[in-house]
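Student: I have a structure open and plenty of questions about the words people use for such things. Could we go through them together?

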Amino acid sequence: MTWYSGEGFSRLTGAVGDAVRDVRQVRRGWHWDSPRPRTWPEQGSVVPARASDLSWARQEPVRTIRFLIQRGLLLPFTEAMAHPKVEGREWVRDLERPVIFAANHSSHADTSLILHALGDRARDRTVVAAAADYWFKRPLLGNIVSLFLNTFPFSRTGGAQAQLHSSSQLLKSGWNLVLFPEGSRSPDGRIHEFKAGVGHLANETGTPVVPLHIRGAYQIMPKGQSLPLPGPVRVRIGKPMSPQPDEGSRQFTARVEKAVRALALEPAQPDIQGSWIERWRLMKPRELPYEESTEPVQAVETTTPPVKAGRKERPLSTARALPAPPEKPDGRARSAAAPPRASRPKHP
Amino acid sequence: MARPGAVIEVDRNTPPVLFHFGEGVRLEKLPLGARIVYPPDPLDPIAHPERAIKRALAKPLDDDPLKSLLRRGMKLTIAFDDLSLPLPPMAAPDVRQLVMEEVIDMAAEAGVEDIHLIAALGLHRRMTADEIRHIVGDRIFSTFWPDRLYQHDGEDPEANVYIGKTSAGEDVTLHRRAAESDLVIYVNLTLVPMDGGHKSMATGLATYRGIREHHNVKTLMSSLSYMNPPDSALHHSCIRQGQLIEDTVRVFHIETTVNNRAFPSIANFMQKRETDWTAQDQAMFLGMKQFTDIAPPAFKRSVFHAMRAPYGLTGVHAGQVDAVHEKTLEAVRNQISVRVEGQTDIVTIGVPYLGPYNVNAPMNPVLVVCMGLGYLFNFYKNKPVLRKGGVAILTHPCRYEFDAVQHPSYIDFYDEVLADTTDPQEIETKYELRFAEDPWFRQLYRKSHAYHGAHPFYAWYWAAHAMDHAGDIIIVGGDRDVVHRLGFKCATTLEDAFEMAEQTVGRYPSVTHLRMPPILLADVE
């Protein structure tokens, strides 16, 4: 029997015919090719849809699609354009709890450079705060950017409490947050004053802040330029900082700003980047649990997983403890907070 | 159990023998009665390198355990050999990385804050960041590069200090950081007997002023050979300099040795004796031969230079330099020594694509001479395999091909100096200082990835002994103009070369082929 004969083929042609018929019916009914009939009543005022927090972008299968897009497209492009030199990656290699990445901002290239610098494990758990009044003015653009970069709308113009709430929810759900505390791209490439939001958020949620400095992004794509030009970039990642118990938001923000400015200096700043001994210990390779194991595989499966070696020194262990994650009322929220899947590479 | 090296006499059933031919290979039929000298098979590597390293550091030779030498607040410098060793570059992890990771772990445990790592280049080119990363590994590179892990600059007046004169009047200089350190740990990889010992510090962290004391024609002509340190004036000079350095700064030496598994499995036929070739080896040879015959040189080069050798660690010793080096030399000789009876009228050598000074670059004609007549010819103990006045036959395409980034001074050396004379003594007197002090070459050495202005001279002096010893030198398959510029004769085929050699050594000469690499040290009785 040939593929085009029999019941299956008839059903397929029938379905296509139905679809065509439906489209034709709607086109005629709503006068796609002619003006709106005068006899129709006037249009009422449009009720705006509730602002989306783009949670779909943090769920499967979008995360897998984004992983593929980033590995196949975004990161190779970033590597080719900027060949970024990353210093201090060890500080974000084994993050055990969410952090806020606070970076200087001089270019649209900053986000992809930060994601490039983070490595697979941290990148998979990172959302980027994108200016709501810029990126989400046009919903299609906002959604595409979210698909690529896992952004969420961050209001620069008000609603501080609501903003704080949505950001802290993300942090509590296990997501790292990329913030540009200057609020906007620097018009001249220099670091401008940080807004207090980052300190406020860190203080409210007890989340450590990782200072980052990006050098060279302004040359790649400064404000007002629509196409990137190739150029060398250095991304320097500092030691995570936690707010002190008696430290106000503004003081903490000032300290973060000072750290980012210090990272810009040459040579390396041990106070901000950590001493070599701290960094050396952080980079100790994890011992594989099955190494030199004499037990059969079956026995390993039934026992508790062995504790990973080399975890004595954790950069975030001294930071203030986070409150326990809230109970997820529904399955949707739970999936948004899902930890990285085991199939994802864990070693950047 | 690894087979020792062997000397095979060619008979009717002997298969053709492999000759390296730059970025290519050839099979050649040697005359009946000729000898082929094969290196020993690779020794079994140490099963647990990390444990062996820990043991060596805990129980050093004639020195205190390393742990007891490290203390909080001290100034520690770790120096290590550059990419000129081993050849081909070692498949990761490099043994230097394994050693340095252990040392740095100990330093971290002791709370040593002030630690620097210096690539001991001497007058070699600066390595690229990726090349350094390959040697030291990701962990060390990410922690220390670039402010605490950097490369020696022999032309930086601020970064080097003059230490004094040896008993023989030789100037000694040293990298300032090393000279001012409380402890210098030198991490070495010894592939051939020439490497390691006092030479590591005296050359690797010195300036032109210190190095020229032993890298000169007179010293090298008295080094018979420099692959056997007891008979080498070069090493005697380095020992005098090294002793003065040790009087100035506390040095802890760590030396490692590897076996001679120089080729990855894809090129296993190069590792094996021809009589051991399986059908797969023959197929691999045919495939590589066809590929190298038709591929453009640049493409072939990129393929060959991407090869990483699966060397295995055969020894690691730490402690006082003389005690350590003695053990190291013993381990190296175990791996590469071959007993050879008597000298020969003609020696044949296939010059491979790679020498110490052309990693990731073409082997230019001056380096062909350095490799063939400098290194490979000098792999002997007691006396050369070639009799005085005999004929050395090398195979190499010997093209006019230079890497402008790595070898700018070599280009001028070839075009200007060799056009005038090929006599090492005359070259040294007339030209060396001018090249060494040339501001442009100095700038390229310091800021780019170029060898020092004096380096082509040293490459040429390296071959001075062979040029003096041999009655004639013939290069098979070389570019005629280039070979004539080098002062040698050119032959199209090996048979032609034998015919030409008969004019020097007479009819029915004895022939010996040194089947290198993998390297061997001919212990000539």
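Tutor: Gladly! One term first: domain bounds come from an automatic or database domain assignment. Keep in mind that this is a predicted model. For chain B, the assignment gives domain 1 (6–41 + 337–524) and domain 2 (49–258).

Student: What makes the two domains of chain B touch, and how far apart are the centres of domain 1 and domain 2?

Tutor: Taken over C-alpha atoms, the centres of domain 1 and domain 2 of chain B are 28 Å apart. Residues are in contact if their C-beta atoms lie within 7 Å. The contact takes 30 residues from domain 1 of chain B and 28 residues from domain 2 of chain B. On the domain 1 side, the elements giving two or more residues are β15, α16 (424–436), α17 (439–447), α18 (455–462) and α19 (464–469) of chain B. That side has 18 nonpolar, 7 polar and 5 charged residues.

Student: Why is chain B called as compact as a globular protein of its length?

Tutor: Set the value against the rule. The radius of gyration of chain B is 22 Å, and the globule rule gives 24 Å for 525 residues; the two are close, so chain B is as compact as a globular protein of that length. Its C-alpha trace spans about 70 × 55 × 45 Å along the principal axes. Chain B has 21 helices and 20 strands, and 57% of its 525 residues count as buried.

Student: How do you know that B:V359 counts as buried?

Tutor: The cut-off for buried is 20 or more other C-beta atoms within 10 Å. B:V359 has 20 C-beta neighbours inside 10 Å, so this residue counts as buried. B:V359 lies in the loop between β14 and α14 (365–376) of chain B.

Student: Which residues does B:V359 touch?

Tutor: Leaving out residues up to four places away in sequence, B:V359 touches B:L83, B:S84, B:P89 and B:L354. The C-alpha atom of B:V359 is also separated by 8.2 Å from that of B:P88, although these two residues are 271 residues apart along the chain.

Student: What makes α18(B) largely enclosed?

Tutor: Count its buried residues: 8 of the 8 residues of α18(B) pass the test, so this helix is largely enclosed by the rest of the structure. They include B:H455, B:F457 and B:W460. The cover over them includes α8 (217–221), α14, α15 (408–420), α16 and α19 of chain B.

Student: Why are β13 and β15 of chain B called edge strands?

Tutor: Start from the order of their sheet. This open sheet of 3 strands runs β13-β20-β15 (chain B), with parallel pairing. Both β13 (337–340) and β15 (380–381) of chain B have a single partner strand, so one side of each is left without a neighbour in the sheet.

Student: How do you know that β13(B) and β20(B) pair?

Tutor: Strands pair if there are at least two bridges between them. β13(B) and β20 (residues 521–524) of chain B have 4 bridges, in the parallel sense. One bridge partner is easy to look up: B:S337 goes with B:L521 in β20(B).

Student: What order do the strands take in the sheet of 7 strands?

Tutor: That open sheet is ordered β1-β4-β19-β14-β16-β17-β18 (chain B), and its pairing is mixed. At the edges are β1 (6–9) and β18 (489–491) of chain B, which each pair on one side only. The twist averages 25° from one strand to the next. Inside this order, β4 (residues 35–38) and β19 (residues 511–514) of chain B pair in the parallel sense over 3 bridges, and B:V37 stands opposite B:L514 in β19(B). Helix α21 (residues 494–505) of chain B lies across β14 (344–350), β16 (386–395), β17 (472–476) and β18 of chain B, at about 170° to β17(B).

Student: How are two packed helices described?

Tutor: By the angle between their axes and the distance between the axes. For α3 (residues 95–110) and α4 (residues 129–144) of chain B, the angle is about 35° and the axes are 7 Å apart. The contact residues include B:M100 and B:I104 of α3(B), along with B:V136 and B:I140 of α4(B). By class, the residues of this contact divide into 5 nonpolar, 2 polar and 3 charged.

Technical notes. Residues are numbered from 1 along each chain as its sequence is written. Chains are lettered from A and ligands numbered from 1 in the order in which they are written. This is a predicted model: local features need pLDDT of at least 70, side-chain atom pairs count only at pLDDT 80 or more; totals for chains, interfaces and linings use all residues. Axes are lines fitted to C-alpha atoms, for helices over the stretch in contact, and angles run from 0 to 180 degrees between N-to-C directions. Ala, Val, Leu, Ile, Met, Phe, Trp, Tyr, Cys and Pro count as nonpolar, Asp, Glu, Lys and Arg as charged, and the others, Gly among them, as polar. The radius of gyration is taken over C-alpha atoms; the globule rule is 2.2 Å times the number of residues to the power 0.38. A residue is buried if 20 or more other C-beta atoms lie within 10 Å of its own, exposed if 12 or fewer, and partly exposed in between; C-beta atoms are placed from the backbone.
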